[in-house]
Amino acid sequence: MEKGHDHGQNKYGMVIDLDKCTGCGTCMTACAAENNVVVRPDESDKERSITWMLLYKITNGKKFPHTEVCHFPRPCMHCEEDGNGGHHPTCVSVCVATATTLDSKTGIVSQIYTRCIGCRYCQAACPYHARYFNWWDAYFPKGKGLERYLSPEVSPRMRGVVEKCTFCHHRLMRAKNQAYSEGRRDLKEDDYITACSEACPARAITFGDLNNPNHKVSKLIKSPYAFRLLERLNTKPKVYYLSTKDWVREWADNPVPHVSPSS
Amino acid sequence: MTNPANSSEKPSQGGLIFFLAGFIPALIVGWVIFPMVLYSKQPQPINFNHKLHLDPEVVDGIEGDTETERCLYCHGFRDDGTFVGIPVAAQCTECHDDPETPLGDTRDEEEFLTKYVAGEKEVPWLSYSRQPDCVYFSHIAHVKMGNMDCSVCHGNHGESEMLPPYKENRLTGYSINIWGKNIAGYKLDTWDRMKMDDCAECHTKKGHEENNACFVCHK
Amino acid sequence: MELDRRNFIKIVVGGAAGIQLTPLPWKLADDIAIWTQNWPWVPVPPVGEFTHVGSICTLCPGGCGIEVRKVETRAVKIEGRPDYPVNPGGICPLGAAGLQLLYDETIRYTSPMKRVGPRGAGKFMDITWDEALDTLADRISGLRDRQRPEALAAVDGNPIRSTMSLMIERLLKAVGSLNYLRIPSAEDTYEMANTLMLGTEGPMAYDLENADYILSFGSGLLDGWGAPGRVLNAWGLWRGKTLKKRVRVVQVESRASNTASRADQWIAAIPGTEGALALGLAHVIIKERLFSTEFVNNHSFGFNDWMSADGRHHMGFKTMVLDQYSPDKVARITGLSLREIVSLAKDFAGAKAPIAVCGKGKGTLNGSLFELMAVQSLNALTGNINRTGGIFMRDPLPVSPLPEVELDAIARQGLKKHRLDQAGGMRYPFTRSLINSFTNNILRSSGSPVDTLLIFSANPSHNLPDGGAFKRALKDIPFIASFSPFHDETSHMADLILPDHTYLEKMDDVVWPTGLQYPLYGLSKPVVDPVYDTRNTGDVIIQLAKRAGRPLGSAFPWNDFEAVLKARAKGLFDSGSGLVGYSGSRPAWKRQAGGIRPDYRSFEDMWKKIKSGGVWYRPVDSAGDRQMSFKTPTGRFEFFSTNIELAVKNYARKTSEQTALKQMGFGVKGEEAFMPHYEAMEPEVDSSAYPLTMVPYEMINLSSGWAPTPPFVYKTLFDTQLKKAESFVEINPETAAQHDLKEGDRAIVKSTVGEVQVRITLFEGAMPGIVYMPLGFGHTGYDEFIRGKGVNPNSIIDAGTDPLSGQPVWWNTRVRLTKV
Amino acid sequence: MDSPLLPEGVKRCSPKVFLLWTLPWLALLAWGGLSAFLCLYKGLNQTNMSDIFAFALWIVFDLAIIALGAGAFFTGFLTYIIGKEELKDIINAAVIIGFICYSGAVAMLGIDIGQPIRGWFIFWHANVHSMLVEVSFCITCYLIVLIIEFLPLILENRQLDKIKELHLFGHNLHGIMVVFAATGTFLSFFHQGSLGGMFGVMYARPFAAREGFYVWPWTFFLFVLSAIAAGPCFTILCTKLTEKLSRKKLVPDNAIQLLAKISAWLLSVYMVLKIADTLDWIYGVVPRAGLEFMDFYREGPYGVWLVVCEIVIFGIIPAIILMIPKARRHQGLLITACLMNCTGIVLNRFVFIIVTLAVPVMPFDRFWSYMPTWQEWGIALAVLGYGFLVFSAAYRYLPVFPKEKELNPVTH
């Protein structure tokens, strides 16, 4: 347990080791199951299928048999800034109804479904396609009983609002309640981790407080192989990646080799 | 259609009367009728006497220095820190164990034992303070860590002998207890209303503005 | 004083003014704001007390540990179990979405049913369990009365060695039928290879976590092979090390699968030539004398040429490999470069703890026997057997066998009849079951030799690589009873449904997860009460037997399936070893300091703990290292299989050895046949009409086995794999150019047995000349989430026959590709 | 039959002809009505909008007509504040066009958002940092202003004018019109700008992002300029069309010419700045994002030709035509130039919305393209129909063009 991190500022963040990631997709299904993400009969329309965590598949473009493949798991980046030095993420500063904000205490970008009016400006502003609009009513047909696996910790969304990865914020609340009942205010490192990092079989996803030097994430981001997506845009994401492969790190930020991606 | 020309020529008297003819009924509608229409009223399935159950003389084991401690005797916390809320019948039967032999002599207890305990049914209590699904509230954070008394939000419920009828706002579907007892929105006591602004007001007063962040209370 | 326009206006103004002075407008605005947030038809999950139930996942034979999070009685989330030895916390995409299989009512049979519509239409009517059980019991007794017990057959998809599979085999035996069919999987081939070379029927045991060099012959280590939770965790460990110390992973596969494209080295050999490559590597290793003389000399048989008792000279493995598998020849066969082969051999032999892994894809489908033997011989050459970071020769799990069935006359008569599939016979002496030849037998004979077919935990009409033959065969069978909990394609052909619980509602065992290096017994338990009127098939079999009267009833003396499981577990206790608790602090694959004392007092205590913890296991140390008592006839690791030799001689009693080999389906002459060797599997198809090869491939995020793919998982598929109702095949841009196909084009893939329409996606990682089609699409059963998505490669597979094992060769169907 | 409603001393077509004329526009409205119902009842899955194309046809239409509607405030500004008397002859038309454009735009926005019944949250829970909030506020207020500006004209209808109160009311309104003109100008300036700002501030979208002055990216000013450059042209087009259809001269040439001249200058200035901005973007924003100009046009239907069309063909050329007095006096050329000018503006809005969203930002993402559904077209075109109806009705029943009588003396 670390001292003084309850009233101090936390900055929760994620480090994804692309060398370990096998592209199995467990992070995606675990996320969907954890967060009551709606699933429709056809999920192949990638422009409209809701995936808070999404795998992008990239190849090094080399000819057979020198082809290499790598997957980029992409949650919400929970950016710090808007890319122009403004201290709101680009999606937050554009929101008309204050439905999404950057929590200064956790560094998590919230999304309030009952406040959102569905103007989708935030989607246009987000370069990571991390935000998803509910184009349909939640799919829970009568007599299918699908609503029975819904978790009460995350409220299901109605049609016409935007949703996105919340770093499993409800798990932070869960962890706090647990700590409180044990008479603690401070959280231990493992008390609060996201569903994706918990489920990842290859242990590729590490989650923790970037402000806490003792947390694994803080150590990992010091690696020479650590980088962030679109670093050049200065959105200051709190999701970091690790890869020892040069071509992968190349892919993460412009300039890009002019080959069309296979994802 | 009356010809505007001549109507404008004819001088009209008693303007004020006509004005009041609109004004006064409007006031009545707004202050008297509207509140009656806005809220539906429903009695609880059976009565529960909080005062009685909080009396150490009557219920042994209930003693505790503060009233809050006594409340927690039934409305307590689970090991994972979540709040029990309205107790389930199983909790009641720890004392009211035998349907045949009531501990008191009220008809409510009798009904409770025969209808629910014997019939192994839960009592369909109507919750006065249920927040909507989009709201997250941690009792333990407030009561245990924040040392707040139950009464701050729930008032003197513990001293009541009768359960008041449950009133629900027809538009929002929320209980009047969280949606504001006073139709005009005046707040005489802290427990008159439990809306977002009330939570925020208290957070701010206690110097916890950071807890007004959206995700602290929304899920 | 009339109410003219002016006065009317006054009233209105007055009213308007008055209303402003009441709460009405302001309160209303506020309430409406909230009202707009209420969407009554969006479900609101009930709150309640959270609990966690630990169990294991039996969606695949991997048997990973799962922890189910519940709210009151509802299960709301499946997570990996950190306190389970197989998969410390991790889980696979299908396992994480398992609740959708439990709660999606429209893919489940909610009670026993009998068919009302035509076969395949999936129209059923609810019946009672009594009616269902009586119907089937009468049917079986009827067969016995007519002295035709062998006309009862069963297809079983339960993992090999599992208690359920024993129960089913036992039922048939008690009735008097040998026709117990298994869905072929890599496990069957492993078992054969181990029997022949190590002399044990125990499973393959790879010490992956401790190895420092993994040479995988097409095993989809990152595509769902073995226990995914365990293998992917191992991958994480390998990659966790510093760059220099990293475990080297080499993948032999023709396509850049998840595994191949991430391996340190990708060896793109032509599919089906893996065995040749293994022997080519052996050649280099032997030639360069890089093999372990210690092991070869002291613990192996048939490496060098040898003289048998009768004074005849026999060729040894060494001689065969040296003159048959020179690198340049192998290079020609496999399409690899000479340099690649030589350096690979040196790397492999040079590693401290190298493992050669075999079993194609996920292992859902069978492998090739001689290929597996060839790969195993590599492990023998490095002598990395029964050594840390090698492969272990394991005895089967010490679970108690079920007591012998006492048979009545009818049963004894029935058991004298031949199996319909020739398995275990003269021609396929080492094979337990051959469902493909079973199918052909039915299709060939006029009037089905099978009267009643029982189907357990299997969906053969979709999952068998037989070009849809089994589906056709089902039409000829008079009566079919399915025990499937799901509306799968096979159950839609059934006349009677006796629905099983789903894996989250029942108690069932996992006897040694695939490929695990230490003995482990997993026990699943009901995490929720049965959601519908279903029953554990284990219980149903007992009830069925009791209804069919003596002697069947007496063959199942137990009250319920749990009693059977408990009786089996007794053996674990009697072995006097093992643990039933796992802290997670010390991985079971780590060499434990000193012996391990059992953490249970009595059998009852152990059983209680297994039921709650779901596991009994024996960590690596007590493995009896370097104990080299192989249970082969020679007591050694057999490069030269005396068993095969015996079998062939056996067959040759009536004829010459050469004709015997020919008739047994060998492509080689002489003693080569008794040793790991390579046989080219060229299908007799005009290669000008069918210029390409179709190779089905498996993905970790698409179920190719019996369990359906849960809806959530479809989110993980790319729209270059599935788009609306169409699935894609991967081909190399070069091949595409030859057929003037572009990304996204539609095309017909036609084989000699059928054709399907697919869309094309160009993938540099695909071997030119090959069409790669994913397994797991093309369902017609289940519900709108699963039905009508893509095509099923099985339906166009023209399977050859693997020599000696007789199992299908499903990886080299010749096809033609025509643009639509 | 409806003759008592017609303005005095002017000739109008027969009711039958007028009815026939309205039919196609009514049809468009019906189509739009059906589309609107589907989108509100079934949700926005009825459109081809997606998480990629969060903004699409409707927003393009909105921005386009708001830009073209700028004629209203700008002409008002010139007439009442600068005091260009001759424009009094066209101001009414300008106001009506403005009213049509803005009310149409607001209606479309109401359907475009996912939660129409929560639309007012923009004001209830406004986020002051958001350009879109500023837009919404200004547009709503300005719409009210437009109604007020439109009102006196409506009250000049022959029958309404008979009612004394209304007559007085209308007259007084006229008197203080300068106040509203000023307010309108102020509001318009800001929302026209903010519409540009909306895209300029998407700093993480290198295609749209721009630096700027204080909180306003350059697009803010460019949008204002382009709007007031195109607005008058659109007003001219509409009056010309009315003249063509009514086979009458309605507005004295000097008014038209003045507008044309002004927009010529504005357009020229705009083009200069636009080109400067584009260069600054190509050599500033783009390389800083690690990209090069051509990266945006690597794949997909949206190529460099868009830039050429927008700046050269539909920008510079009309500017030149309008600049040359001889040319702009030539009817054909004048109309062509105005058309081109308007097209250029629409193209500009299209590029900023659709292309911005179509080009990938993540290097490994792909290029997308978008095609509206009939429901989307329905709603968009309904605004067109609505426009024609309102304008026709206004022309028929109101003295829209003060000079009409003297230009076309009715001979008995």
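The following legends describe close-up views of chain A and its contact with chain C in a predicted model.

**View 1. Confidence along chain A.** The mean pLDDT of chain A is 92, and 94% of its residues reach 70 or more. Residues 1-7 of chain A fall below a pLDDT of 50, although this stretch has 18 contacts in the model beyond near neighbours in sequence. A pLDDT below 50 also applies to residues 256-263 of chain A, a stretch with 20 contacts beyond near neighbours in sequence.

**View 2. The area buried between chain A and chain C.** The contact draws 73 residues from chain A and 75 residues from chain C. Together the two chains bury about 5900 Å², of which 59% lies on carbon and sulfur atoms. Phe64(A), Arg148(A) and Tyr149(A) contribute 13% of the area that chain A buries against chain C, more than any other three residues.

**View 3. Salt bridges and polar contacts.** Ten salt bridges are counted between chain A and chain C. In the salt bridge of Glu43(A) with Lys715(C), the closest N and O atoms lie 3.2 Å apart. Between these chains, 36 residue pairs are in polar contact, both residues being at pLDDT 80 or more.

**View 4. The side of chain A that touches chain C.** At least two residues of this side come from each of helix H1 (26-34), strand S2 (54-59), strand S3 (69-74), helix H4 (169-181) and helix H5 (195-199) of chain A. H1(A) provides the largest share, seven residues. Classified by residue type, the side of chain A that touches chain C comprises 31 nonpolar, 18 polar and 24 charged residues.

Notes:
Residues are numbered from 1 along each chain as its sequence is written. Chains are lettered from A and ligands numbered from 1 in the order in which they are written. This is a predicted model: local features need pLDDT of at least 70, side-chain atom pairs count only at pLDDT 80 or more; totals for chains, interfaces and linings use all residues. Side-chain values use heavy atoms; hydrogens and water are left out. pLDDT is the predictor's confidence in each residue, from 0 to 100. Contact means heavy atoms within 4.5 Å. Buried area is the accessible area (1.4 Å probe) that two parts lose on being put together, summed over both. A salt bridge is a side-chain nitrogen of Lys or Arg within 4 Å of a carboxyl oxygen of Asp or Glu. A polar contact is a pair of N or O atoms within 3.5 Å; within protein, one must be able to donate a hydrogen and the other to accept it, and residues adjacent in sequence count only if both atoms are side-chain atoms. Helices (H or I, at least four residues) and strands (E, at least two) are DSSP runs, numbered from the N terminus. Ala, Val, Leu, Ile, Met, Phe, Trp, Tyr, Cys and Pro count as nonpolar, Asp, Glu, Lys and Arg as charged, and the others, Gly among them, as polar.
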